[in-house]
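Here's a walk through a single model, from how its helices are packed to how its charges are placed. Have a look at the fold first, then read on.

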Amino acid sequence: MNIPSNFSPKALVFDYGGTLDTGGCHWLPMMLRAYQRRQLGVGEDDFRKAYVQVERLLGSQPLIGPHFTFRQTLHTKLRLQFEQLRTQGTELPAAMADQLTADLYAIAARHTRHSATVLRALQEQGYTLALVSNFYGNLTTVLQEFGLRDYFRCVVESAAVGIRKPDPAIFSLALSRLGLQPEEALVVGDSLKNDLEPAHSLGCHVVRLVEPSLPASEYGPFPVITDLDEIPGYEVRGARCEVRK
């Protein structure tokens with residue numbers, strides 16, 4: 001489904017992790033790159049296994065409290081990854097978790113500042129903004145930490161509502177709270193599986209935020225932008241969203 005060039009959404013519905021905080025990069029490769037920059041000797045397969053195991057653990061146990069900041073969340077995830085890697089035969093110094101936390105927090109803070117600038121501009125243009133995210137129960141704390149909370153009329157967090165992407169019901173809940181039909185919303189996210197496909201299945205317009213370095217062969221079937229500031233005044237050309245000059 002291509003987005004008509006004259007489509008004017010009544011609401012923009014954003015993903016959080018991998019979208020507003022990394023500029024279109026999933027957190028698995030984002031963290032792996034941080035490990036590699038520090039030359040920790042962790043192979044991609046081992047890291048992927050540890051990452052997945054930790055995400056499953058966090059999804060089943062309340063190890064991240066509602067008061068946890070983003071920095072605390074990062075540090076908790078890294079500490080748990082180190083523990084998992086230890087069971088896989090890779091021992092890392094505990095102090096390295098502090099260094100990786102600082103590295104990744106700086107990257108996320110930079111992307112989030114840019115996202116805040118775009119969200120502010122969209123709000124000033126009269127867009128209704130909403131957020132739908134798989135998160136750990138502390139999303140409100142994180143949004144307040146980065147000064148983002150007031151941009152969103154509606155925030156739907158998986159841990160708070162008991163629904164996780166890719167279940168389309170989490171998007172339906174957000175639309176219900178906004179009083180909108182799916183075709184009146186544009187969903188912006190980085191994940192084909194978790195964001196675009198479920199929202200598209202409801203009838204929402206969708207656009208994928210990707211890293212500029214991502215090969216076009218990996219874009220998938222939906223319109224693509226490489227920066228959030230391409231959203232205002234966009235038009236579709238082929239498989240890409242381009243800024244209308």
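Two residues are in contact when they have heavy atoms within 4.5 Å of each other. With that in hand, start at α1, keeping in mind that this is a predicted model.

**Helix α1 and its cover**

The buried residues of α1 are W27, L28, M30, M31, L32, A34 and Y35. What covers them? Among the elements doing the job are α2 (44-60), α3 and α4. Y35 shows this at the level of one side chain: beyond its neighbours within four places in sequence, Y35 is in contact with L40, V42, F47, L78, Q81, F82, L85, L92 and L100. Right after α1 comes Q39, with a positive phi near 55 degrees.

Over in helix α3 (residues 70-87) you'll find E83, which is partly exposed at a relative accessible area of 33%. The C-alpha atoms of E83 and K10 are 45 Å apart, with these positions 73 residues apart along the chain.

**The cores**

In soluble globular proteins, nonpolar side chains tend to be buried together. Here the largest nonpolar core has 60 residues, and F14, Y16, Y35 and F152 touch the most other members. Helix α4 (residues 95-124) supplies the largest share of this core, with 12 residues. There's also a second, separate core of 20 residues, including V156, L178, V187 and L196.

Y16 deserves a closer look. It sits in the loop between β1 and α1 (27-37), and it counts as buried because its relative accessible area is 0%. Setting aside neighbours within four places in sequence, Y16 is in contact with D21, F70, T112, L131, V132, S133, F135, L139, V142, L143, F146 and L148. One of these, S133, is 117 residues away along the chain, yet the two C-alpha atoms are 5.6 Å apart.

**The sheet**

How are the strands ordered? The 6 of them form an open sheet that runs β3-β2-β1-β4-β5-β6, with parallel pairing. At the edges are β3 and β6 (224-225), each pairing on one side only.

Being an edge strand doesn't leave β3 (residues 154-157) bare: C154 and V156 on one face and V155 and E157 on the other are all buried. Its parallel partner is β2 (residues 128-133), joined over 4 bridges, and V132 has V156 as its bridge partner.

Strand β4 (residues 185-189) is largely enclosed by the rest of the structure, since 5 of its 5 residues are buried. A185, V187 and G189 lie on one side, with L186 and V188 on the other. β4 pairs in parallel with β1 (residues 11-14) over 4 bridges, where A11 is matched with A185. Another 4 bridges join β4 to β5, also parallel, and there L186 is matched with H205.

**Charges: paired and unpaired**

The structure holds 9 salt bridges. Three of them are set out here.

| Pair | Closest N to O distance |
|---|---|
| D103 and R38 | 2.8 Å |
| R48 and E44 | 3.5 Å |
| D195 and K165 | 2.7 Å |

D103 lies in helix α4 and R38 in the loop between α1 and α2, so this pair ties together parts that are 65 residues apart in sequence. D103 is partly exposed at 23% relative accessibility, and R38 is partly exposed at 33%. R48 and E44 make a local pair: they are 4 residues apart in helix α2, about one helical turn. R48 is partly exposed at 40%, as is E44 at 43%.

D195 and K165 are both buried. D195 belongs to helix α8 (residues 192-202) and K165 to the loop between α6 (158-161) and α7 (169-178), 30 residues apart. These two are also linked with D15 in a network of salt bridges.

Then there's R208, in strand β5 (residues 205-209). Which side chain of opposite charge is nearest to R208? That's D190, 6.5 Å away, and R208 is buried with no salt bridge. A polar atom of the R208 side chain does lie 2.9 Å from the backbone oxygen of E218. Beyond its neighbours within four places in sequence, the contacts of R208 include G189, L192, L196, Y219 and P223.

How values were computed. Residues numbered from 1 in each chain as written. Predicted model: local features only at pLDDT ≥ 70, side-chain atom pairs only at ≥ 80, totals over all residues. Heavy atoms only, no water. Helix = DSSP H or I, 4+ residues; strand = E, 2+ residues; numbered from the N terminus. Buried < 20%, exposed > 50% of the residue type's maximum accessible area, 1.4 Å probe, protein only. Core = buried A, V, L, I, M, F, W, Y, C linked by side-chain atoms within 4.5 Å. Lys, Arg positive; Asp, Glu negative; His and termini not counted. Salt bridge = Lys/Arg side-chain N within 4 Å of Asp/Glu carboxyl O. Polar contact = N/O pair within 3.5 Å; in protein donor to acceptor, adjacent residues only side chain to side chain. Pairing = 2+ DSSP bridges.
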